[in-house]
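Subject: Structure for you to look at

Dear colleague,

Here is the structure I said I would pass on. My notes on it follow below.

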Amino acid sequence: MASAVGLVATTAPADAVTRTVQVRISYQINDYETIGSDEICTPTTRRVENLDDEHYFHRTSRARCGGEIRVEVKYTLDQENGTVFLTAGRVNFYEGDTDSTNDLDGTARIRKLTIPAGRAVDTTVNVSNTAENEPRDRARVSITVDNR
Ligand SMILES: [Ca+2]
Ligand SMILES: [Ca+2]
Ligand SMILES: [Ca+2]
């Protein structure tokens, strides 16, 4: 039999747990136009990563639309004993001269998610241009965290 020496050569505790998690974020963005039709964008971002149970993971997903809008989804992932938690989540809606603008015109919280091992959980957030009272500048953001 092969020797077991070396198999425990790690600094992680024996009960360390790592989960491979996919976060999929689908955007439906409407860019209001004073002339012509509104511009509509439906990008999706996907991120697969390994979450150990000793750290928090701060993440940002971004989408742009119509030359004037940028939507940013910020969230924190934590993992304990195989269960994944999405916390401190927020969707920020920027609208201005370009899609690199820092003109924050709307924001909304993401509810906290608890995703047991073997499950996927999703949530939807709506945000719009409340600062300039332009409800046709808006985004619907669907977030799925897959802990399978
Ligand atoms: Ca516009
Ligand atoms: Ca535009
Ligand atoms: Ca604006």
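A residue is called exposed here if 12 or fewer other C-beta atoms lie within 10 Å of its own, and buried if there are 20 or more. Asn81 has 10 other C-beta atoms within 10 Å, so Asn81 is exposed. Please keep in mind that this is a predicted model.

Asn81 sits in the loop between β5 and β6. Its phi is near 50 degrees, a positive value in a residue other than glycine. Most residues other than glycine have a negative phi. Asn133 also has a positive phi, of about 55 degrees, although Asn133 is not a glycine. The loop that holds Asn133 lies between β9 and β10. Asn133 counts as exposed because there are 9 C-beta neighbours inside 10 Å.

Overall fold

The chain has zero helices and 10 strands. Of its 148 residues, 26% are buried. Among contacts between residues at least 6 apart in sequence, 56% join residues at least 24 apart.

Strand pairing

β1 (18-31) is a convenient place to begin. Nine bridges join β1 to β3 (residues 44-52), and the two strands run antiparallel. In that pairing Thr18 stands opposite Asp52 of β3. Another nine bridges join β1 to β10, again antiparallel, and here Val23 stands opposite Val145 of β10. β1 is also joined to β2 (residues 39-41) by three bridges, in the antiparallel sense; Asn30 of β1 stands opposite Ile40 of β2.

β10 pairs with β9 (residues 120-129) as well, antiparallel and over 10 bridges. Ala139 in β10 is the bridge partner of Val127. β9 and β10 form a hairpin with four residues between them, and Asn133 is in the turn.

The core

How many residues does the largest nonpolar core have? It has 24, and those with the most contacts inside it are Tyr27, Ile29, Val71, Val73, Ala139, Val141 and Val145. At least two residues of this core come from each of β1 (18-31), β4 (56-65), β5 (69-80), β6 (83-95) and β10 (134-146). In soluble globular proteins, nonpolar side chains tend to be buried together.

Val71 shows how these strands meet. Not counting residues up to four places away in sequence, Val71 touches Tyr27, Ile29, Arg62, Ala63, Val91, Phe93, Ala139 and Val141. Two residues from the strand pairing return in the core: Val145, the residue opposite Val23, and Ala139, the partner of Val127, are both among those with the most contacts inside it.

Two further loop residues

His55 is in the loop between β3 and β4. Is His55 buried or exposed? It is exposed, because 10 other C-beta atoms lie within 10 Å. His55 and Glu80 are 25 residues apart along the chain, and their C-alpha atoms are separated by 9.6 Å.

Thr101 is in the loop between β6 and β7 (104-110). It has 14 C-beta neighbours inside 10 Å and therefore counts as partly exposed. Leaving aside neighbours within four places in sequence, Thr101 is in contact with Arg70, Tyr94, Glu95 and Gly96. Thr101 and Glu68 are 33 residues apart in sequence, with a C-alpha to C-alpha distance of 7.6 Å.

Regards

Notes: Residues are numbered from 1 along each chain as its sequence is written. Chains are lettered from A and ligands numbered from 1 in the order in which they are written. This is a predicted model: local features need pLDDT of at least 70, side-chain atom pairs count only at pLDDT 80 or more; totals for chains, interfaces and linings use all residues. A nonpolar core is a set of buried Ala, Val, Leu, Ile, Met, Phe, Trp, Tyr and Cys residues joined through C-beta atoms within 7 Å. Two residues are in contact if their C-beta atoms, placed from the backbone, lie within 7 Å. Two strands pair if DSSP finds at least two bridges between them.
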